[in-house]
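Reader: I am new to this structure and would like a close look at a single part, the mixed sheet and the helices packed on it. Please then go on to the other pairings and packings for context.

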Amino acid sequence: MAIPAASRKRRDELVDLIEMARTNYYQHDKPTISDADYDAYFQELVALETAFPELVTGDSPTQSVGGEASGEFGEFEHPTRMWSLDNVFDEAELDAWFARVGNHNFLCELKIDGLAINAVYRNGELETLATRGSGAVGENVTASLEYLTCIPKRLKVAKGVEIPELLEVRGEVYFSLEEFDQINLEVTATGRTAFANPRNAAAGTLRQRIDNRIEAVAEAQKRATGKGDDSKQAASLAKHIEELDRAKSALARLGLIVHGIGIHDGLDISAQSHAYEILKSWGLPTSERVKVIKSAKEVKEYITYFGEHRHEIEHDIDGVVIKVDSLSEQAELGFTARAPRWATAYKYPPTVVRTRLLDIGVQVGRTGRITPRAQVEPVLVAGSTVSFATLHNGYEVERKGVLLGDMVFLRKAGDVIPEILGPVVELRDGSERQFKMPTKCPECGSKLAPEKEDDKDLRCLNTRSCPAQLRGRLEHLGSRSVLDIEGLGEKAARALLEDKVISDEGDLFRLTAQDLAKSDFFVKGTDRELAENAKLLLAQLEIAKTKPLWRFICALSIRHIGPPTAQALTRQFHSIDELATAKSAELANVEGIGVTIAASVAEWFTEDWHLEIIEKWRAAGVQLVEQVQASGPQPLAGLTVVVTGTLEDFTRDGAAEAITTRGGKASGSVSKNTDFVVVGPGAGSKEAKAMELGRPILDEVGFKILLDDGPAAALAHLGLS
């Protein structure tokens, strides 16, 4: 069959696009297209080559791993080839893969969005470290080994498993999301472009020429001790030392998860999961989320679970890798030109995409903070279409270097508002324009200014009357993590204020049916009968009046106060009056509070109109005293409990409340003073810290035993006395 000229042309275009993207991604760590665009181009090329096999050539991207080693590093030829993975994007494609490979035990693991590496051990000593590169040849980055803390330099001797003379270990180097954000702050502080994602940050960090930086410091030291302008030479030396220290620090913060094994002379391994057990016994970092599964149905359940909880994981993931577990069955299935047939990657919808920045407006928050809001060309990200994204403040707009009209990288993680990561500078054409922050509040016209000299945020100082701040405080007050008032959302808050049903949040708890009948939002029909939403709101307000004190402290919209800090305050101060009269020094002594939060709390209570709100609530019957159980069991008195991960029968706030009402302390961090750590799926680093410190770890069943029967019963559940 003759191949249409248009198909030949499109094939050539796709090859050029993919190869250019690979060069920018793998060699320069500066992607100019998103992962989603790359996947779409690649899948289009696969479809074309499937329809017209004559278009397939040996140098097609579909026949190679991608990621040629750059000329900046010495080449390293891998003892055995490192493969890429084929991808599937939906259940139909996954079912087609299952049909091709047949029935097996499958090993499922998370696909970390990091940099693939190959570590070679000889007689248990780490000899070389290299990137994947083309799969056959990678970049030798062994010079960085001295500063990496994520990989053991020598393997531990494990009982019953002899370390082979030559061993290849494959894994993924990554930055945790927390470290990624910190790295980007450090990068942009030095005038460089921010990394688009943690993978590029990890790659850029590992692939920096640390040896060149060391040599530069040595040369600067020589110049500094010679003749000439001492101050200039000293400044140069200081700069080189700072850059070297920054590079060393970044390397030390990299993480590693191993997920494969290459050459292993004399080692008898039966399955992929067996290999992971052995690697872990030697002290290599393996994932706690790996699971061997016996059916396609269970594989899909694993994929669904982590798709829903991916944003609770400490590092970025972009999918799930499914492998046939048995090594002998893997060998039977074999490989294509670029990937194993016995494995595939199920890709989740991308959380980082590329789109055009159309405009920047500003929003006013409940504390008066002015937040630039980016309007972008609508783009599908993480399963939903996004048209707006946050830029945090004017300083961030400047720091990230974004201009109106820029092509930008946009990230969305979980329920977090989408944010602009930075511009694709290489795609600018000169038509881009600078954004300037407004000088007046767009809602009330008040002058905008920093509240303090060193404050990077502009604020509307009309705190009491600004309509946007009033709406924001009402919405916050009704939110699930605060007073959990169903029926008090954005629309209801707007109606209450615009229809003058209330003047501020102080009037909320004395609302009556007659008050709500003034607003069209809360009535129905020509006779203006009270609507169901009005009845719901009134009932919910009555319930809210008796909620714990910490929730009302949150409801006051004191800056820096969220549920954990509010709970900490109620452990020390048992009424709103005690809190109002507390001195800053007393507040700062509360664990987890500190000087900044203490000052914010003390300052809030100096405003007369703030005190008026409290008095209105009190007059309406709100209980502003901590309701400590005067009788009945307090099984957790004196205990500190940390809850991490996702529990089926408790929200995070619900778990904390269950602990505190039984006399315990709900903490957010694990230390030697922690009595119990409760873990659910996605627990991450807190579970690891608990294991390191030897703290008792409970699952949800054990947590319920702890709540009902106390610490002795919980320890007995664990088999501990």
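Author: What follows starts with the mixed sheet and then turns to a hairpin, a parallel sheet and a pair of helices. The model is predicted.

The sheet you ask about is open and has 5 strands, in the order S2-S11-S10-S3-S9, with mixed pairing. Its edge strands are S2 (87–88) and S9 (291–293), each of which pairs on one side only. Further in, strand S3 (residues 106–112) and strand S10 (residues 317–324) are joined by 7 bridges and pair in the antiparallel sense. Within this pair, Leu107 stands opposite Lys323 of S10. Two helices can be placed against these strands. Helix H9 (residues 296–309) packs on the sheet and touches S3, S9, S10 and S11. The direction of H9 makes about 20° with that of S3. Helix H3 (residues 91–101) lies across S2, S3, S10 and strand S11 (343–347). Relative to S11, helix H3 runs at about 170°.

The next element is a hairpin. Strands S13 and S14 form it, with 2 residues between them. Ala382, in the turn, has a positive phi of about 50°. S13 covers residues 370–381 and S14 covers residues 384–390, and their antiparallel pairing has 6 bridges. One of the paired positions is Ala374, whose bridge partner in S14 is Ala389.

Another open sheet has 4 strands with parallel pairing, in the order S22-S21-S23-S24. Strands S22 (665–667) and S24 (697–698) stand at the edges and have a single partner strand each, so one side of each lacks a neighbour in the sheet. S24 runs parallel to strand S23 (residues 676–679), and 2 bridges join them. Here Val677 stands opposite Ile697 in S24.

Last comes a contact between helices. The axes of helix H12 (residues 467–478) and helix H13 (residues 490–498) come within 9 Å and cross at roughly 130°. That angle makes H12 oblique to H13. The crossing of these two helices is right-handed. On the H12 side, the contact involves Leu470, Arg471, Leu474 and Glu475. These meet Glu490, Ala493, Arg494 and Leu497 in H13. By type, the residues of the contact of H12 with H13 divide into 4 nonpolar, no polar and 4 charged.

Terms used:
Residues are numbered from 1 along each chain as its sequence is written. This is a predicted model: local features need pLDDT of at least 70, side-chain atom pairs count only at pLDDT 80 or more; totals for chains, interfaces and linings use all residues. Side-chain values use heavy atoms; hydrogens and water are left out. Two strands pair if DSSP finds at least two bridges between them. Axes are lines fitted to C-alpha atoms, for helices over the stretch in contact, and angles run from 0 to 180 degrees between N-to-C directions. Angles under 35 degrees count as roughly parallel, over 145 as roughly antiparallel, 65 to 115 as roughly perpendicular and the rest as oblique. A crossing is left-handed if the near helix is turned anticlockwise from the far one by less than a right angle, and right-handed if clockwise. Contact means heavy atoms within 4.5 Å. Ala, Val, Leu, Ile, Met, Phe, Trp, Tyr, Cys and Pro count as nonpolar, Asp, Glu, Lys and Arg as charged, and the others, Gly among them, as polar.
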